Amino acid sequence: MLGIDDNRFVMYEGQSSYGHAVWPQPPISRAKIIDSELGRKNPPHDSDIQCLIFREDTFDPLTRIRRGRLYKPDPRSNPSSWRVQPHPAYDEGRAARDNGGYLNKTLLTYVPYHELSERSGGGMGTTILLGAGNAATPWTVIGVERNFGGENSVTLRSRSNFGRLPEVDEEKIPASARREITETVSALSDRAFRESPVSLIDRSGNVAQFVLSRWLQHTHNDTACLTKDLAAVASHIENKMSELVILYSSVKVLARLHARGKPNVQTEKNVRVPGEVDAETSLALVSMILLEIGWGVA
């Protein structure tokens with residue numbers, strides 16, 4: 001179990017409220033398991049002591065893989081009383097120690113969270129928000145193992161690779177459309193970390209329609225697509241510019257993904273609900289579209 005001093009933000013661990021300092025102290029984050037779009041929009045807040053806690057053991061910045069352990073608030077009492085060994089980072093004096101050399105402290109108390117491995121599929125594929133407020137980011141569970149101490153070691157993969165859209169080449173965009181195109185693409189990149197797969201695909205489709213219709217208007221003096229949906233935009237480009245195979249093919253695939261997010265299409269066509277890979281593909285297609293029309297920097 002973990003104890004956290006919310007005055008000094010230092011951590012202790014132990015059993016039955018007897019503990020020692022964890023030093024050097026690993027990064028710890030507030031955490032929340034996400035099962036719905038509403039959950040994504042309500043991350044833990046900065047003073048939340050009743051949320052889950054993620055204790056990081058390792059982090060690989062190249063692969064964006066995190067490994068650590070999840071804890072939940074002690075259901076018996078949080079905060080609760082602990083007897084702990086003096087912390088090596090502070091000189092707490094000898095007067096406050098008892099005969100065993102321990103100090104009495106009131107700490108926020110957390111116990112191992114085993115419920116993740118009890119979920120469908122052993123918790124694999126579960127989305128977990130790490131952080132708080134508007135600085136919370138989603139991570140996907142790719143592994144859960146029970147360690148020797150009875151805690152679940154959780155391996156997480158970041159969705160941050162979703163946001164790698166190309167830079168907008170502002171010099172190539174007509175001045176009259178430059179600001180709205182730049183803001184639209186930037187907003188998609190910002191939201192890539194925070195939305196569900198279906199929402200992200202919808203947003204990607206909307207951005208693609210907006211960008212392409214303005215590209216046709218300002219570059220080809222063609223206003224026919226300003227009010228058309230994405231599938232119609234793809235057909236228009238194919239009919240008018242048949243040599244741009246990669247461009248209109250990318251638009252067609254994105255339009256299909258966009259349609260798959262609708263429950264009626266899922267029922268009618270008997271197709272699966274779009275997931276994380278589909279969302280990643282939608283962003284890659286927006287990237288390809290920007291590069292193909294010359295408004296992105298490779």
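This is a short tour of a predicted model, going from strands to loops to a pair of helices.

**Stop 1: the E5–E6 hairpin**

Select residues 52-60, which are strand E5, and residues 65-73, which are strand E6. The two run antiparallel and are paired over seven bridges. For a landmark, pick glutamate 56: across from it, its bridge partner in E6 is glycine 68. Now slide to the turn. Four residues sit between the strands, and in this hairpin arginine 64 has a positive phi near 60°.

**Stop 2: the other partners of E6**

Keep E6 selected and add residues 152-158, strand E11. This pairing is antiparallel too, with five bridges. Glycine 68 turns up again here, since valine 154 is its bridge partner in E11. Next add strand E8, residues 103-112. E6 and E8 pair in the antiparallel sense over three bridges, and you can find the spot by looking for proline 73, which stands opposite tyrosine 110 in E8.

**Stop 3: E7, between E8 and E3**

Stay on E8 and bring in E7. These two strands are antiparallel and share five bridges; serine 81 stands opposite threonine 106 in E8. Then show E3, which pairs with E7 in the parallel sense over two bridges. Click on tyrosine 18 and look across to arginine 83, its bridge partner in E7.

**Stop 4: the tyrosine 18 ring**

While tyrosine 18 is selected, turn on side chains. How many aromatic pairs are there in the model? The count comes to two. One of them is tyrosine 18 with tyrosine 102, an edge-to-face pair with 5.7 Å centre to centre and 85° between the planes. The pair ties together distant parts of the chain: tyrosine 18 belongs to strand E3 (residues 18-21), while tyrosine 102 is in the loop between E7 (80-84) and E8, 84 residues apart.

**Stop 5: backbone oddities in the loops**

Start with serine 16, in the loop between strand E2 (10-15) and E3. Its phi is positive, near 50°, and this is not a glycine. Move on to tryptophan 23 and proline 24, where the peptide bond is cis with omega about 0°. Proline 24 is in the loop between E3 and strand E4 (28-34). There is another cis bond to look at, from asparagine 78 to proline 79, with omega near 5°. That proline 79 lies in the loop between E6 and E7.

**Stop 6: helices H3 and H5**

Finish with residues 197-220 (H3) and 245-260 (H5). Two numbers are handy here, as packed helices are described by the angle between their axes and the distance between the axes. The axes of H3 and H5 come within 9 Å and cross at roughly 145°, and the crossing is left-handed.

To see what fills the contact, show side chains. From H3 come residues including Ile201, Ala208, Leu212 and Trp215, and from H5 come Leu247, Val251, Leu254, Leu257 and His258. The residues of this contact divide into eight nonpolar, four polar and one charged. Asp202 is also among the H3 residues that meet H5.

Before you leave, try a distance check on H3. Its end C-alpha atoms are 33 Å apart, which agrees with the 34 Å that 24 residues should span at 1.5 Å a residue. Step just past the helix to asparagine 221, which follows H3 and has a positive phi near 55°.

Definitions and conventions. Residues are numbered from 1 along each chain as its sequence is written. This is a predicted model: local features need pLDDT of at least 70, side-chain atom pairs count only at pLDDT 80 or more; totals for chains, interfaces and linings use all residues. Side-chain values use heavy atoms; hydrogens and water are left out. Axes are lines fitted to C-alpha atoms, for helices over the stretch in contact, and angles run from 0 to 180 degrees between N-to-C directions. A crossing is left-handed if the near helix is turned anticlockwise from the far one by less than a right angle, and right-handed if clockwise. Contact means heavy atoms within 4.5 Å. Ala, Val, Leu, Ile, Met, Phe, Trp, Tyr, Cys and Pro count as nonpolar, Asp, Glu, Lys and Arg as charged, and the others, Gly among them, as polar. Two strands pair if DSSP finds at least two bridges between them. The expected span of a helix is 1.5 Å times one less than its number of residues. Rings of Phe, Tyr and Trp (its six-membered ring) pair if their centres lie within 6.5 Å; planes under 30 degrees apart count as stacked, over 60 as edge-to-face and the rest as tilted.
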